[in-house]
Amino acid sequence: MKMKTADLGVSILLLILCAAGYMEAGKFTEQAALLPRITFLCIAGLSVFQLVKLVWKPGDKTVPFQWKRVLAIIGLAAAYVILIPVLGYWISTILFIFAAMFAFGVRGKAVLVCIPAGFAVFVYVVFVRVLSLSPPTPFFVQ
Amino acid sequence: MIEHILSGLAAVATLEHAVFMVIGTIVGILAGAIPGLSSTLAISLLVPVTFVMDPLPALAMLAGIYNGGMYGGSISSTLFNVPGAASAAVTAFDGHPMTLQGRSARALQLGVLSSFVGGTISVVALVLLAAPLAKVVLMFGPAEYFWVAVFGISIVVSLSSEGMVKGLLAGLLGLLAAQVGMDPATAVPRFDFGSVYMSGGFQLTAVLLGMFSIPSAISLLEKKTAAHEELAAEEKEETVRLFSCFRPHWAAYIRSAIIGVVVGIIPAAGGNIASFIAYDTTKKLSKHPETFGKGEPEGIISSEAANNAVTGGSFVPLLTMGIPGSPAAAAIMGAFMVQGLVLGPQLFATNSNLVYGLMWSMLFTNVIMLFAGFYGAKLVRKALAVDKEILAPLIFAFSTIGCYSVRNSMFDVNVMIVFGIIGYFMKRFGYPASAFILGYILSALLESNLLRALSLTGGNPFTALFNSGLSFLMIGLTVISLLTPLITGWLGKRNRDL
């Protein structure tokens, strides 16, 4: 992706955000709206400045993206977070670590089994036994 | 005073104290290194345990956790770009690039030596300057605090390698993100879209892990490279002697430590702000500011010396006025209360052994931390030998449990993932996550003091904000901070043209 295209998109997105946010701030009391309004005005001003600069700025550079891999990582992370309340922390975490390692090329059976299990044991000892914290439980246990 | 100092030394010079100081320091280093945990959490969890202990060993152990925790945060920052604590976020700017260059052991050693120098200078300042410095802090009102926050925000200008506009935009977006939830003066809900979770705002740990650790994990997996090629494929052996790390950068150590002490004394400022200010100052004074963010040793030194110097600084208002200068100092205040000790000037008269014993404990735990960290660096860096296909999922999973554990909230985990995705794209397009975090951290300090100053003067901004010499001093520092990069850039361009 071209850096100029990205900056252009960011500037337009921020201008829309500022317009919507400024209007939303109108619903607050005067005190509560003061800093948000100042912040939106500053962001809008800088976005316009960036847009103007993009027109005058010569040259451009490409930001390389491995879209498939990035989307796969984000998808796996999202699935993990969605699964935690359903299956609980332990099952979800073991599944996530296993799936992520496998998806990105780890094939050693011992590694695929020992790393998730070892991580779960470590978290259990530090967070549950030592710090008395309770990881999320599955919905059917709550 | 000398006899009190010596009797304090005699009180801590026992095997029992030594054992508790070692335990405290190691627990602190581990708590600091694990994202989501912190020295504050570890101290809070151990305060009830101190009820059954004698006061001085208990406080010695907590001092060890405080010092060790401040340093521990730099380990995961340096190795994995995952700050173990908010105050270590700045360490990642140069620590992680050094790791990528195969200089992780050197980076870790610089981190622990700077932490030691910062911590030691802060203890000396605590002993010598506690009473006079406390009086200066009492002169800070809402207007002065507001200008301290503005000065902090001005630092974002120098944090962006892609230009001032991107740095400022990132800082302002951080400021905006912190405005979600109730406003600090009137508790009016803002930008919460009717959600109970959103009305409480975003938890700092969730935002911090989101902006730093998730983008790092995504970046690790993004490129299809050979195993752990990204992370120090070839670790360069650098034979380093303890004091050879100090001599070439002595000014950065001392200056950053002094900044840390001063910021530590100001209640509510803390190690994260200190490290940002020290980093910015060191960069501006450097002959090679362009090397910062690319593995510059002075970047690590300034951050770590400053955040560990906060430890002693934060004890100044705690011991002299009963006002904690940092969250960890507030947790230690709990230990004093558990022991039935009343903080304030009378403590020096009634329990001088305890006060000076605590100061000695801070000094000794710094020494323990130095040796554990310096000689353990080569051992710790072995974590880099793990393949990135294994490391990245572990960073995700570890960040998740660390984030969840702060307040047992899945909402925080969701926030972390969302900020992680935003942070990844910000990183790729040159909007610095560090500026975002700085804006986020300073938002509460800025807004609450702005509104307080305005309400004290009936809403007149001129009488509210321009009413003291200290305010003008902070304004002057802000102007210098904003103009320095512009002037140095202009001078550099002129020299090149000539």
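B:Asn408 has a relative accessible area of 39% and is therefore partly exposed, since that value falls between the limits for buried and exposed. In this predicted model, B:Asn408 sits in the loop of chain B that runs between α17 (388-407) and α18 (410-428). Its phi is positive, about 50°, although the residue is not a glycine. A second residue of this kind is B:Ala187, where phi is near 60°, again a positive value in a residue other than glycine. B:Ala187 also belongs to a loop, the one between β1 (181-182) and β2 (189-190) of chain B. Its relative accessibility is 43%, so B:Ala187 counts as partly exposed.

The chain that holds these two loops is built from 21 helices and two strands. Chain B has 498 residues, of which 64% count as buried. Of its contacts between residues at least 6 apart in sequence, 79% join residues at least 24 apart. The average pLDDT of chain B is 81, and 85% of the residues score at least 70. Confidence in chain B is highest in α18(B), at 92, and lowest in helix α3 (residues 39-50) of chain B, where the mean is 70. Where pLDDT is low, the predicted coordinates should not be read in detail.

A buried position in chain B is found at B:Asn366, in helix α16 (residues 352-380) of that chain. The relative accessibility of B:Asn366 is 0%, under the 20% limit, and the residue therefore counts as buried. Which residues surround B:Asn366, once its neighbours within four places in sequence are left aside? B:Asn366 is in contact with B:Asn67, B:Ser115, B:Phe116, B:Gly119, B:Thr120, B:Val123 and B:Asn308.

Chain A has five helices and zero strands, and reads α-α-α-α-α along its sequence. Of the 142 residues of chain A, 37% count as buried. Among contacts in chain A between residues at least 6 apart in sequence, those joining residues at least 24 apart make up 63%. The average pLDDT of chain A is 88, with 98% of the residues scoring at least 70. Helix α4 (residues 89-103) of chain A has the highest confidence in the chain, at 94, and helix α5 (residues 109-130) of chain A the lowest, at a mean of 89.

Helix α1 of chain A covers residues 3-25, and at 1.5 Å a residue its 23 residues should span 33 Å; the C-alpha atoms at its ends are 32 Å apart, which agrees. Its buried residues are A:Met3, A:Ala6, A:Asp7, A:Ser11, A:Leu14, A:Cys18, A:Gly21 and A:Ala25. An α-helix has 3.6 residues a turn, so residues three or four places apart point the same way. What do the buried residues of α1(A) pack against? Their partners are α2 (30-56) of chain A, together with α8 (164-177) and α18 of chain B.

Further along chain A, A:Leu87 lies in helix α3 (residues 67-87). Its relative accessible area of 24% is above the 20% limit for buried, so A:Leu87 is partly exposed. Not counting residues up to four places away in sequence, A:Leu87 touches A:Ser92, A:Leu95 and A:Pro138. The C-alpha atoms of A:Leu87 and A:Phe139 are separated by 7.2 Å, while the two residues are 52 residues apart along the chain.

Helix α3 of chain A also takes part in enclosing a cavity. The count comes to one cavity of 30 Å³ or more, and the largest cavity holds about 30 Å³ of space. How are the lining residues of the largest cavity shared among the helices? At least two residues each come from α3 of chain A and from α10 (204-222) and α18 of chain B. Helix α3(A) gives the most to this lining, with three residues. The lining of the largest cavity consists of A:Ile73, A:Ile74, A:Ala77, B:Ile214, B:Ile218, B:Phe396, B:Ile417 and B:Ile421. By class, the lining has eight nonpolar residues, no polar and no charged ones.

Helix α18 of chain B thus appears at several points in this account. The loop holding B:Asn408 lies between α17 and α18 of chain B, the buried residues of α1(A) pack against α18 of chain B among other helices, and α18 of chain B supplies at least two residues of the lining of the largest cavity. In chain B, confidence is highest in α18(B).

Definitions and conventions. Residues are numbered from 1 along each chain as its sequence is written. Chains are lettered from A and ligands numbered from 1 in the order in which they are written. This is a predicted model: local features need pLDDT of at least 70, side-chain atom pairs count only at pLDDT 80 or more; totals for chains, interfaces and linings use all residues. Side-chain values use heavy atoms; hydrogens and water are left out. Helices (H or I, at least four residues) and strands (E, at least two) are DSSP runs, numbered from the N terminus. Buried means under 20% relative accessible area, exposed over 50%, partly exposed in between (1.4 Å probe, protein chains only). pLDDT is the predictor's confidence in each residue, from 0 to 100. The expected span of a helix is 1.5 Å times one less than its number of residues. Contact means heavy atoms within 4.5 Å. On a 1 Å grid over the protein atoms alone, a cavity is a set of points where a 1.4 Å probe fits but cannot get out, and a pocket is an open set with protein on both sides within 12 Å along at least five of seven lines; lining residues have an atom within 4 Å of a point. Grid points are joined across faces, edges and corners, and a volume is the space filled by probe spheres set on the points. Ala, Val, Leu, Ile, Met, Phe, Trp, Tyr, Cys and Pro count as nonpolar, Asp, Glu, Lys and Arg as charged, and the others, Gly among them, as polar.
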